[in-house]
Amino acid sequence: MDNAVRNRAWRMRRKPAGLVQQDDLELVTEAVRALAPGEVLLRLVHVSLDPGQQVYMQSTQELPGGTIWPGDVIRAWGVGEVVESRSDRFPVGSHARDHHGVAGVQEYAILPEAALILVDPEAAPLNAHLNILGMPGLTAHAGLSQIGCLQPGETVVVSGASGAVGAAAGQIARIRGCRVVGLAGGPEKCAHLTGELGFDAALDYRSGRLAADLTLACPDGIDVYFDNTGGEILDICLGQMARKGRIVFCGAIAAYGSGDSRGLTNYLRILTHQVRFEAFAYYDYEPHFASALAELAGWMQAGLLKHREDVAVGLENFVPVFHHLFTSGISGKLVLQVRDGVTR
Ligand SMILES: NC(=O)c1ccc[n+]([C@@H]2O[C@H](COP(=O)([O-])OP(=O)(O)OC[C@H]3O[C@@H](n4cnc5c(N)ncnc54)[C@H](OP(=O)(O)O)[C@@H]3O)[C@@H](O)[C@H]2O)c1
């Protein structure tokens with residue numbers, strides 16, 4: 001039986017040919033079904049817009065984490081208020097976020113309690129749970145700890161460093177005693193990295209002299225490269241890896257939706273310098289989430305870890321706001337506030 005609540009949701013009409021366009025999706029209004037035991041109805045306040053959604057929308061193969069197919073609600077991490085509940089762990093009036101990225105770009109989500117964690121809106125702004133205290137923070141933590149195997153004193157380079165994952169990765173590497181160089185587009189973002197976020201150095205990857213600037217900034221080579229961009233930046237960093245260096249291959253935003261998947265010209269460096277080049281997926285590190293989250297929250301409360309959200313308002317604006325991810329038009333973690341005026 002249906003519930004009295006009506007939901008608005010973005011569903012896929014067809015697979016996008018490149019960067020998702022408005023016509024590839026439709027905003028539908030539909031009845032919310034009744035809850036089954038153990039389920040919760042979450043009225044979403046913020047949903048997260050992530051570059052990975054483009055990959056899941058565009059892929060025609062089933063990917064770990066879940067490809068989005070025609071008819072599906074566009075998947076997204078979300079945080080909101082419990083408005084109906086058949087779970088003792090999530091009473092009406094409590095706040096929760098999902099940790100599998102299944103809340104969706106919509107107003108209401110029915111989720112099983114196993115997909116949720118409680119959040120305290122007094123301890124941190126709700127949208128921080130989609131940033132430093134959510135998937136991006138956990139991704140940075142997992143990549144550096146599990147793949148990067150950081151040692152104090154090492155030189156770490158982070159691309160996409162002003163983005164959600166990159167900002168977290170650079171700050172965590174600093175906390176762990178490394179020297180951190182961030183790569184970002186433009187002087188303003190570079191100043192934010194070295195000022196507010198405490199990076200040791202920041203380089204503008206659009207300067208046209210990134211290779212030379214990196215050599216100056218990392219005279220003994222790069223021990224750990226945390227890659228969020230792929231493409232030419234990855235190739236340049238690969239060419240400057242130190243012996244036994246590690247490349248943490250987190251993402252390739254430069255290639256998403258653009259079809260730019262050029263090869264690596266500096267790949268021999270992997271052989272000559274015994275570089276480890278390893279990709280990873282957030283989902284694989286779920287057993288570590290609770291301890292990592294406690295560490296991230298502790299650093300945040302101690303003022304060691306800063307976060308910045310770029311909030312756009314209105315569910316109907318999803319597609320144009322999503323495009324900002326690929327045009328450097330954002331200055332922090334991009335979140336969509338589902339309704340005007342409701343922030344809690
Ligand atoms: N492996 C995993 O499990 C996992 C989990 C989460 C995210 N990721 C990946 O991690 C990466 C970062 O995610 P995020 O959430 O931090 O994204 P984000 O907040 O959107 O930040 C991405 C940054 O990339 C930069 N950028 C955009 N287009 C670029 C281009 N063509 N070349 C170079 N830089 C570009 C932008 O800053 P500028 O202004 O400096 O260009 C932006 O700040 C993405 O590739 C994402 O898919 C992977």
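**Two covered helices and a ligand shell**

Q: How many of the 8 residues in helix α6 are buried in this model?
A: This is a predicted model, so burial here is computed from it, with buried meaning under 20% relative accessible area. Helix α6 spans residues 231-238 and is mostly covered. The buried ones are I233, L234, D235, I236, C237 and L238. That puts the count at 6 of 8.

Q: Is helix α2 mostly covered or mostly uncovered, and how many of its residues are buried?
A: Helix α2 runs over residues 135-148. Its buried residues include M135, P136, G137 and L138, and also I147 and G148. So α2 counts as mostly covered, since buried means under 20% relative accessible area. The number buried is 12 of 14.

Q: Which residue follows α2, and what is its phi near?
A: Just after α2 comes C149. The phi of C149 is positive, near 45 degrees.

Q: Which residue has a side-chain N or O atom 2.5 Å from an oxygen atom of the ligand?
A: The ligand has 29 residues around it, and the closest are V165, G185, K189, Y205 and Y282. Y282 puts a backbone N or O atom 2.7 Å from a ligand oxygen. The side-chain contact at 2.5 Å belongs to Y205.

Q: How much of the ligand's accessible area does the protein cover?
A: Besides those contacts, a polar backbone atom of C250 sits 3.0 Å from a ligand nitrogen. On its own, the ligand has 920 Å² of accessible area, and the protein covers 90%.

Q: Which elements give two or more residues to the shell around the ligand?
A: By class, the shell has 17 nonpolar, 10 polar and 2 charged residues. Domain 1 and domain 2 each supply at least three. The elements are α1, α2 and α3.

Definitions and conventions
Residues are numbered from 1 along each chain as its sequence is written. This is a predicted model: local features need pLDDT of at least 70, side-chain atom pairs count only at pLDDT 80 or more; totals for chains, interfaces and linings use all residues. Side-chain values use heavy atoms; hydrogens and water are left out. Buried means under 20% relative accessible area, exposed over 50%, partly exposed in between (1.4 Å probe, protein chains only). Helices (H or I, at least four residues) and strands (E, at least two) are DSSP runs, numbered from the N terminus. A residue is near a molecule or strand if one of its heavy atoms lies within 4 Å of it. A polar contact is a pair of N or O atoms within 3.5 Å; within protein, one must be able to donate a hydrogen and the other to accept it, and residues adjacent in sequence count only if both atoms are side-chain atoms. Accessible areas come from the Shrake-Rupley method with a 1.4 Å probe; for residues, only the protein chains shown count as cover. Ala, Val, Leu, Ile, Met, Phe, Trp, Tyr, Cys and Pro count as nonpolar, Asp, Glu, Lys and Arg as charged, and the others, Gly among them, as polar. Domain bounds come from an automatic or database domain assignment.
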